[in-house]
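Student: I have the sequence and the model open side by side. Could you walk me through how the pieces fit together?

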Amino acid sequence: MGSSSDWDVMQNAVQQLKAFGIPYEARVVSAHRTPDLLFEYAATSQARGLKAIIAGAGGAAHLPGMLASKTIVPILGVPVPSKYLRGEDSLLSIVQMPKGIPVATFAIGEAGAANAGLYAVAMLANTDPVLADKLAAFRKQQEETVLAMSLPDVE
């Protein structure tokens with residue numbers, strides 16, 4: 001994430017990874033304030049065994065795109081709500097990547113972070129049958145939760 005203030009949102013991605021037993025790194029790497037760290041992090045990501053990077057950023061939100069420009073590891077971008085524009089600026093910054101440097105972009109905020117975590121799980125499940133079974137069970141539980149819902153009678 002670009003700042004420790006993004007943790008309230010990005011911990012939702014971590015919760016999903018933890019629930020599926022996926023090892024992860026949680027780091028603050030700022031595209032604007034620590035560009036050398038960003039380049040090093042991206043350049044070494046594949047050799048360190050990372051299969052995806054979930055990058056959350058607010059405001060100008062350059063972190064996901066800059067990471068994508070420096071690695072072939074898939075980047076999952078999460079727009080973090082900003083003080084003045086509610087994260088719409090972050091969303092547009094992340095989603096409007098130029099042709100040839102893709103970033104998968106998720107919803108603004110907590111739901112986007114959780115879905116980025118689940119998307120990473122789904123990517124990994126393609127080559128891990130045990131993880132695929134866990135993901136299928138998770139989806140089945142979601143279905144059962146909805147099917148068990150009832151609404152109150154109208155008076």
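Student: How do β1 and β2 pair, and over how many bridges?

Tutor: In this predicted model, β1 and β2 run in the parallel sense and are joined over 6 bridges. As a landmark for that pairing, A57 stands opposite P79 in β2.

Student: And what about β2 and β3, over how many bridges do they pair?

Tutor: Strand β2, residues 75–80, pairs with β3 over 2 bridges, again in the parallel sense. Here G77 is the residue to look for, since it stands opposite T105 in β3.

Student: In what order do the strands sit in the sheet?

Tutor: The sheet is an open one of 3 strands, in the order β1-β2-β3, with parallel pairing. β1 (53–58) and β3 (104–105) each have a single partner strand and stand at the edges, so one side of each is left without a neighbour in the sheet.

Student: Is β1 mostly covered or mostly uncovered?

Tutor: Mostly covered, given that 5 of the 6 residues of β1 are buried.

Student: Which helices lie across the strands?

Tutor: Helix α4, residues 88–95, lies across β1, β2 and β3, and runs at about 160° to β2. Helix α5, residues 110–125, lies across β1 and β2, at about 170° to β2.

Student: Switching to helix packing, at what angle do α5 and α6 pack?

Tutor: The angle between α5 and helix α6 (residues 129–147) is about 135°, and their axes are 8 Å apart. That angle makes α5 oblique to α6, and α5 passes α6 in a left-handed crossing.

Student: Which residues meet there?

Tutor: From α5 you have L118, V121, A122, L124 and A125, and these meet L131, A132, L135 and F138 in α6. By class, the contact of α5 with α6 has 9 nonpolar residues, with no polar and no charged ones.

Student: Now α2 and α3, at what angle do they pack?

Tutor: Helix α2 (residues 35–45) packs on helix α3 (residues 63–70) at an angle of about 50°, with the axes 8 Å apart. The two are therefore oblique to each other, and α2 passes α3 in a right-handed crossing.

Student: Which residues make that contact, and how do they divide by class?

Tutor: On α2 the contact is made by L38, F39, Y41, A42 and A43, and on α3 by L63, M66, L67 and K70. The contact of α2 with α3 has 8 nonpolar residues, no polar ones and 1 charged.

Definitions and conventions: Residues numbered from 1 in each chain as written. Predicted model: local features only at pLDDT ≥ 70, side-chain atom pairs only at ≥ 80, totals over all residues. Heavy atoms only, no water. Pairing = 2+ DSSP bridges. Helix = DSSP H or I, 4+ residues; strand = E, 2+ residues; numbered from the N terminus. Contact = heavy atoms within 4.5 Å. Axes fitted to C-alpha atoms, helices over the stretch in contact; angles between N-to-C directions. Parallel < 35°, antiparallel > 145°, perpendicular 65-115°, else oblique. Left-handed = near helix turned anticlockwise from the far one by under 90°. Nonpolar A, V, L, I, M, F, W, Y, C, P; charged D, E, K, R; others polar. Buried < 20%, exposed > 50% of the residue type's maximum accessible area, 1.4 Å probe, protein only.
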